[in-house]
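Me: I am new to protein structures. Please take me through this one in short steps.

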Amino acid sequence: MTRGYISASFIFCMDIQASQNKEILIRRQAIEQRIHELAQEISRDYVGSALLLVGVLKGAFVFLADLIRQMTIPCEVDFVRLASYGAHTESSGNVMLIKDIEGSIENKDVLIVEDILDTGLTMTKLVEIFSQRKPMSLKVCTFLDKQGRRRVPFEADYVGFTIGNSFVVGYGLDCNEQDRSLPDVYIIKQ
Ligand code: PRP
């Protein structure tokens, strides 16, 4: 992962790229099946509504692209990007919106689409920002949920897979910007 201007995690990623020590965690067939289920559930829940999906860059672009193509209702799509700045591997907690959506969300049903919920700091900040803009509804769909890593309480409305605390790459998730294109999810073995 790339969390702002980090140093320790950058070194960690350099090390694991050198060793390329990966172990498969979620296979593409399981991902495809789960996304089909999620898309059906979301399509049922939002039938007849003006739905806006907001993908969180960069990691969520693969998940969002697969999710919308399995949905059976029309929707709009936009993107945000957030970053946290700190000198350590862990998020500083100072999360900032560095790329906003283009339009208004007032009176729209908004579903934030995230690749992974980790400490919960990013989603807490984004929900706080969006809530002030008077959407009709605001929910969160995350592909992966590392529940054991929370620093603030946060529950997603839709979860693809709940996983442990291992560092994962693939299916949009990166290590120093590498491995986002892998079709399966891998654990990086330290
Ligand atoms: C990752 C991930 C989430 C966020 C989750 O983003 O994509 O957006 O961290 O972390 P949190 O729950 O601890 O706040 P990252 O900053 O690595 O950017 P990326 O998506 O561009 O890789």
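Reply: Start with one term. A salt bridge is a side-chain nitrogen of Lys or Arg within 4 Å of a carboxyl oxygen of Asp or Glu. Keep in mind that this is a predicted model.

Me: How far apart are N and O in the salt bridge of Asp 66 and Arg 69?
Reply: Asp 66 and Arg 69 are three residues apart in helix α3, so about one helical turn separates them. An α-helix has 3.6 residues a turn, so residues three or four places apart point the same way. The side chains of Asp 66 and Arg 69 meet, with an N to O distance of 2.8 Å.

Me: Is Arg 69 buried or exposed?
Reply: Its partner Asp 66 is partly exposed, at a relative accessible area of 25%. The cut-off for exposed is over 50%. Arg 69 has 61% relative accessibility, so Arg 69 counts as exposed.

Me: How many salt bridges are there by this rule?
Reply: Some salt bridges share partners: Lys 58, Asp 174, Glu 177 and Arg 180 are joined into one network. The count by this rule comes to 13.

Me: How many residues apart in sequence are the parts that Lys 22 and Asp 179 tie together?
Reply: Lys 22 forms a salt bridge with Asp 179, with the closest N and O atoms 3.6 Å apart. Lys 22 lies in strand β1, and Asp 179 lies in the loop between β8 and β9, so the pair ties together parts with a sequence separation of 157 residues.

Me: Which residue of that pair is buried, Lys 22 or Asp 179?
Reply: Buried means under 20% relative accessible area. Lys 22 has 23%, so Lys 22 is partly exposed. At 18%, the buried residue is Asp 179.

Me: Where does Glu 23 lie, the partner of Lys 189?
Reply: The side chains of Lys 189 and Glu 23 meet in a salt bridge at 3.5 Å, N to O. Lys 189 is partly exposed, at 37%. Glu 23 is partly exposed too, at 39%. Lys 189 lies in the segment after β9, so the pair ties parts 166 residues apart in sequence; Glu 23 lies in strand β1.

Me: What is the distance between the end C-alpha atoms of helix α2?
Reply: Helix α2 covers residues 28-45, which is 18 residues. At 1.5 Å a residue, the helix should span 26 Å. The model agrees with this, because the end C-alpha atoms are apart by 25 Å.

Me: What arc do the buried residues of α2 cover?
Reply: The buried residues of α2 are Ile 31, Ile 35, Leu 38, Ala 39, Ile 42 and Ser 43. They lie on the same side of α2, because their arc around the axis is only 130 degrees.

Me: Which residues are exposed on the other side of α2?
Reply: One side of α2 holds the buried residues. The exposed residues on the other side are Gln 29 and Arg 44.

Me: How far apart in space are Leu 111 and Tyr 158?
Reply: Leu 111 sits in strand β5. Leu 111 is buried, at 0% relative accessibility. Leu 111 touches several residues, including Ile 42, Val 54, Cys 141 and Tyr 158. Leu 111 and Tyr 158 are 47 residues apart in sequence, and their C-alpha to C-alpha distance is 9.7 Å.

Me: What percentage of the residues in the chain is buried?
Reply: The chain has four helices and nine strands. The chain holds 190 residues, and the buried share is 45%.

Definitions and conventions. Residues are numbered from 1 along each chain as its sequence is written. This is a predicted model: local features need pLDDT of at least 70, side-chain atom pairs count only at pLDDT 80 or more; totals for chains, interfaces and linings use all residues. Side-chain values use heavy atoms; hydrogens and water are left out. Helices (H or I, at least four residues) and strands (E, at least two) are DSSP runs, numbered from the N terminus. Buried means under 20% relative accessible area, exposed over 50%, partly exposed in between (1.4 Å probe, protein chains only). Contact means heavy atoms within 4.5 Å. The expected span of a helix is 1.5 Å times one less than its number of residues. The arc is that of the directions from the helix axis to the C-beta atoms.
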